[in-house]
Amino acid sequence: MLLRLGLPSLLLAVAPLGRGCVPDTTTSVGAEQAEAVVEAPTPEPEPATPPPPARASLAPSEVRPAAPETADGQAGGAVKAAIVALEDGRFDDALTLAPRLDGGPLATLSDWTRARALRALDRPDEAFTVLSAVPEGGRYSSEALLARSEISLELGRADQSLELLGPPRDDGYDSFEARADLIRARAYDARRGKGDVEAAVAAAKRVWRGAPGSQADGDAKVLLGALEPKVGQGLRRSLVDSVARAKSLGTRHGKKSIVKLLSGETEAMVTLGATDPATACTGLFELGRAYHKQRTYGESVPVLSLADSLCAGNEKVKTVYLLAQGKARSGNVSGGITTFVRLADDHAEHTYADDGLWQASRLALDEGRNDEAARHAQRLVDEFPDGDMRGSTLWNLAWSALADGRPMDALPWLEVMAAGDPRGHDREHVLQGRYWQARVLLKSAPERSDEALRALELLATEHPLHWYGTLGGWLLSAKAPDRAAAVDAAVRSRAGTMQAAAKEPARFEPLQEFVDLPGVTDGMVLLRAGLGEEAAQEFARALGTKPHETWADPATLLFAAHLYEEAGDPARSHNLLRRACKTAFPEAEPAQAATLTHAWPRAFAAEIDGHTADYDWDSLLFQGLVREESAFSPTVVSWAGAIGLSQLMWPTAKETARRMGIRVRRADLNDPSLNVRIGTTYFDGLAKRWNGHLPLAVASYNAGPGAVKRWVDARGHLELDAWVETIPYDQTRHYVKRVVSSWQAYAFLYGDTGGWVPLRVGPVAQAIKGSDPTVPPASSGG
């Protein structure tokens, strides 16, 4: 285990400056006389304070769907009826129902619906006319352009089709450009003028390179199969094209397709490196990464080593990182450590530099090379004080000492962790440091026990929405019941005040610049008309991919989250604030009630409460679990194949449903009520499996009860806090903390008592038997 290290760069106090570092304040008589006759310079004017940004002022009623009998409600109802008819295949009804409106987003949506119905009814000329009226720059303008160009091609007007599309863009490749290129290829093929076959092949190749796996890609491959024999070899798909396709596949996790595409091209890519090292680097990196993701490290390491010799810049860094991982996982741990350290040595400015030192430290620690592990960790702390791996590294150092039975050696590292910002980007590690610092002092430094108890009081009082705040409350109750009772009363009082506070401000005051965005103004019109789904799509268009960064203004983010909530989109609503909370977590105070309840909404509460009513555990626990599992997206499918709100794996769902006496299809799991019904039934079985020990049930929901049993058998003597820290699966360890934190937040914001959620915090094996003295009374369930 790691030896204790000093922290000179972190812990040394700054000594007072000596006289030589301070300006001399003594003045001679002659100097004073000279100063007396010197006219004082006119002071520079203070720079003008810039005016505050303009803000809108909107009452909640102004961003709420209008009543159905109002003009807005009637118009929205008519458009909605047309959309439903279109989706049901009743195209004539859709045409009849779609109202003709005078301008604005509702009129555009109605026109778009009418045009789709006309196309389905094979009335292309009429559809073209309607589509021509769709305004540019709006949500449907790109789709309308593609539809018009397709109609032109279908009507034999290839020139018009190409003219509408214009030349290909050179600012990135997306699904719109892929579909446009496919139409271009077909139009050139249909026109068959001079150079058109070559132009068709070039357009189809762009689709093949940039949109693998899409429907456009399948059609482009058919075209290429027919047209490539008609052009010269130099215009056909080449190794360079294959590398471009592999890069696109890499963004879509198409590892098997990449291996199939490039596995026989290694030597050719090395040869290409002599004249085009950038392309050769990309191809070798993508192939090496594909092998790596398939865990065939014997294949990935040689390929990535070749890429290492050719790559530069960001691809070099990514190559070195994967190469280091591959070496370590294939048994060459020393080689992996050395390669990881290269990231800090050669690429100190890159965000992977501290990751490399963290990985090197962790590998060395696993190998028992404690001094080396400590050196890498110390270097990370010293050289990358603001790096995102600093907290993890400090914790590894602290935990290694704790696990080795040297708690006082862990204390300096925990103190550094605890000194950070508890509401900033490294909040998790700061609170972790504060909890375990108090834990160590109580056990190993009794003379500092009052300091430790005060720290627990602050932790539980100031952070009642977090795993470590909850643990702090329970540890305090075990060590100082009287002090814990006072803290518990204070937390419950704050929760009561919070629950009584307004869940939305009297008026929203977002930045005017945000409200003036076309997507926001259009979305609010659609929202007023009762078209929530369409409104949410407009808001998403306006907010962009990183709204928490683009609009890092709390009042604006709250307003945007509220818009999504009114549109019936809790997934987008809470995610806005969830992401913002990672860097600026709000105080658990009434002034933040609206922000916190939007970040932890009671989404799908009717389904969750209804299906947990007969269980012995709190429905708010499953509310928190759903928030962490699916982020309230009822149709989401994870990379592993988990489906719906409670992220059920199909075999688990099918077996649970069979035991419930119901038959389900995979598609049925997209239904929120059925998904939650099966998910809560499965979770209740896990809760019973562990005799009501809910953190173990949570861990089992993520990793499976078999894995949890192995961990209990191996380390059941540990108390809950330490047992969770030793969960070997990173994902499950973080998952347990996140779900319990969300449960605690829901209990605080909505629970009957608002106190700490019930945790059996004693030794896990003992707690499963029901003999844990920290099992709370049933009334503490929240």
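Helices here are DSSP runs of H or I with at least four residues, and strands are runs of E with at least two, both numbered from the N terminus. Okay, with that in hand, let's walk through this one.

What we have is a predicted model, where local features need pLDDT of at least 70 and side-chain atom pairs count only at pLDDT 80 or more, while totals for chains, interfaces and linings use all residues. Residues are numbered from 1 along each chain as its sequence is written, and side-chain values use heavy atoms, with hydrogens and water left out.

So, the big picture. The chain has 42 helices and 0 strands. Its C-alpha trace spans about 90 × 90 × 70 Å along the principal axes. Of the 782 residues, 51% are buried; buried means under 20% relative accessible area, exposed means over 50%, and partly exposed is in between, using a 1.4 Å probe and protein chains only. Then there are contacts, meaning heavy atoms within 4.5 Å. Taking contacts with a separation of 6 or more, 61% are between residues 24 or more positions apart.

Let's start with helix H5, residues 105-120. Its 16 residues reach 23 Å from first C-alpha to last, close to the expected 22 Å at 1.5 Å a residue. That expected span is 1.5 Å times one less than the number of residues. How many of the 16 residues of H5 are buried? It's 13, so H5 is largely enclosed by the rest of the structure. Just after H5 you hit aspartate 122, which takes a positive phi of about 60°. For background, most residues other than glycine have a negative phi.

Two others do something like that, so let's look at them. Arginine 295 has a positive phi of about 65° although it is not a glycine. You'll find arginine 295 in the loop between helix H15 (277-293) and helix H16 (297-310), and it is exposed, with a relative accessible area of 67%. Histidine 253 has a phi near 60°, again positive in a residue other than glycine. Histidine 253 sits in the loop between helix H12 (239-251) and helix H13 (255-262), and at a relative accessible area of 60% it is exposed.

Keep histidine 253 in mind, please, for the next part. A search of the whole structure finds 1 cavity of 30 Å³ or more. A cavity here is a set of points, on a 1 Å grid over the protein atoms alone, where a 1.4 Å probe fits but cannot get out, and lining residues have an atom within 4 Å of a point. The largest cavity holds about 40 Å³ of space; grid points are joined across faces, edges and corners, and the volume is the space filled by probe spheres set on the points. Which residues line the largest cavity? Among them are Leu249, His253, Ile258, Glu286 and Arg289. H12, H13 and H15 each supply at least two lining residues, and the largest share, 4 residues, comes from H15.

Next door in our tour is serine 300, in helix H16. Is serine 300 buried or exposed? At 0% relative accessibility, it counts as buried. Leaving aside neighbours within four places in sequence, serine 300 is in contact with Gly288, Tyr291 and His292. Serine 300 and methionine 389, on the other hand, are 89 residues apart in sequence and 26 Å apart in space, C-alpha to C-alpha.

Moving along the chain, arginine 390 is in helix H21 (residues 390-403). Arginine 390 is buried, with a relative accessible area of 17%.

Now for helices H23 and H24. H23 has 18 residues and reaches 26 Å, close to the 26 Å expected. H23 is mostly covered, with 14 of its 18 residues buried. Helix H24, residues 449-462, has 14 residues and reaches 20 Å, close to the 20 Å expected. In H24 the buried residues are Ala452, Leu453, Leu456, Leu459 and Ala460. Why do they line one face of the helix? Seen down the axis of H24, they fall within an arc of 120°, so they line one face; that arc is taken from the directions from the helix axis to the C-beta atoms. As a general point, an α-helix has 3.6 residues a turn, so residues three or four places apart point the same way. And what do the buried residues of H24 pack against? Helix H23 (427-444), helix H25 (467-479) and helix H26 (481-500).

Last stop: threonine 550, in helix H30 (residues 547-550). Threonine 550 counts as exposed, at 53% relative accessibility.

Definitions and conventions: 1 Å grid on protein atoms, 1.4 Å probe; cavity = no way out; pocket = protein on both sides within 12 Å on 5 of 7 lines; lining within 4 Å.
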